[in-house]
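I opened a fresh notebook page for this chain. My plan was to look things up one at a time and write down what I found.

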Amino acid sequence: MSSPPQARSALSLDVGRRRIGLAGCDGLGLTVTPLKALQRGDFDHDVSQIKTLCDARRVEALIVGLPLDDSGEPTMQAKHCHRYGVRLARALSLPMALVNEHSSSWAAAERHQLHGDRTGRLDSAAAALLLEQWLADGPEPQPVQMAPAKRGETDADARSWTSIPPAP
């Protein structure tokens, strides 16, 4: 099991095909706040919106959820989230940590009574759970080097999987 990461302002992303749920924490890692979900656009639009948010919140790390299956293996969506997170971390020059988000949407729906929500509140509530999990268990965010600059490019960083702690 990983150890808790160094406290810092972080932004958690629950990357979906239509929306990105967002949550942030303060620099001491004490308060986790769900933020307004981002409606996905093209990558440059997403980067612009997320950069504005990161600048305003003085974000020092990105936390990206990966929807692994019951046995801890990456799903197709997990691979998409990993590639997206790597590209975003590179574009924003921020370190990134990956967190297993298996069942996070279900847990968020249970906790906040958001079953069937299509407004983005559920996505951001799931991002908040990811951030809470990361604050408790880590891993420490790592710099993303040699990430693909454009969709379709490949390199060692984009293909690699770092150690992802199992879901609680």
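**Entry 1: α4.** I started with burial in α4 of this predicted model. I found 14 of its 17 residues buried, so α4 is largely enclosed by the rest of the structure. I then checked its span. From first C-alpha to last, α4 reaches 24 Å, close to the 24 Å expected at 1.5 Å a residue. Next I looked at where α4 ends. Gly138 comes just after the helix and takes a positive phi of about 80 degrees.

**Entry 2: the peptide bond after Gly138.** I stayed at this spot and read omega. The bond joining Gly138 and Pro139 is cis, with omega about 10 degrees. I placed Pro139 in the loop between α4 (121-137) and α5 (156-159).

**Entry 3: the whole chain.** I stepped back to the full chain. I noted five helices and five strands. What pattern do they follow along the sequence? I read β-β-β-α-β-α-β-α-α-α. The chain has 168 residues, and 49% of them count as buried. I also looked up contact range. Among contacts with a separation of 6 or more, 68% are between residues 24 or more positions apart. For the surface I noted about 8800 Å² exposed, with carbon and sulfur atoms supplying 50% of it.

**Entry 4: the sheet.** Which order do the strands take in the sheet? I traced β3-β2-β1-β4-β5, an open sheet of five strands with mixed pairing. β3 (32-39) and β5 are the edge strands, and each pairs on one side only. From one strand to the next, the twist averages 25 degrees.

**Entry 5: β2 and β3.** I zoomed in on this pair. β2 covers residues 19-25 and runs antiparallel to β3, with six bridges joining the two. Across the pair, Gly24 of the model stands opposite Thr33 in β3. I checked the connection as well. β2 and β3 form a hairpin with six residues between them. In that turn, Gly29 has a positive phi of about 70 degrees.

**Entry 6: helices on the sheet.** I asked which strands α1 lies across. I found β1 (10-15), β2, β3 and β4. The angle of α1 to β3 is about 155 degrees. I then returned to α4, which packs on the sheet and touches β1, β2, β3, β4 and β5. Its direction makes about 45 degrees with that of β2.

**Entry 7: the nonpolar cores.** I looked up the largest nonpolar core and counted 27 residues. Leu13, Ile50, Leu62 and Leu88 have the most contacts inside it. The elements giving two or more residues to this core are β1, β2, β3, α1, β4, α2 and β5. Which element gives the largest share? I noted α2, with seven residues.

I picked Leu13 for a contact list, leaving out residues up to four places away in sequence. Leu13 touches Ile20, Gly21 and Leu22, and also Ile50 and Leu88, among others. Its list also includes Leu62, Ile63, Val64 and Gly65, as well as Leu130.

A second core of 13 residues is separate from this one. Its members include Cys25, Ala97, Val99 and Ala127.

**Entry 8: α2.** I followed the largest share back to its helix. α2 has 17 residues and reaches 24 Å between its first and last C-alpha, close to the 24 Å expected at 1.5 Å a residue. I listed its buried residues, among them Ala78, Cys81, Tyr84, Val86, Leu88 and Leu92. His80, His82 and Arg87 are on the buried list too.

**Entry 9: positive phi outside glycine.** I found Ser93 right after α2, with phi near 55 degrees. This residue is not a glycine. Ser93 lies in the loop between α2 (76-92) and β5 (96-100). Is Ser93 buried or exposed? At 64% relative accessibility, Ser93 counts as exposed.

I then turned to Arg58, another residue other than glycine with a positive phi, near 55 degrees. Arg58 sits in the loop between α1 (43-57) and β4 (61-66). Its relative accessibility is 68%, so Arg58 counts as exposed.

Methods
Residues numbered from 1 in each chain as written. Predicted model: local features only at pLDDT ≥ 70, side-chain atom pairs only at ≥ 80, totals over all residues. Heavy atoms only, no water. Helix = DSSP H or I, 4+ residues; strand = E, 2+ residues; numbered from the N terminus. Buried < 20%, exposed > 50% of the residue type's maximum accessible area, 1.4 Å probe, protein only. Contact = heavy atoms within 4.5 Å. Areas by Shrake-Rupley, 256 points an atom, 1.4 Å probe, with all protein chains shown as cover. Expected span 1.5 Å × (residues − 1). Pairing = 2+ DSSP bridges. Axes fitted to C-alpha atoms, helices over the stretch in contact; angles between N-to-C directions. Core = buried A, V, L, I, M, F, W, Y, C linked by side-chain atoms within 4.5 Å.
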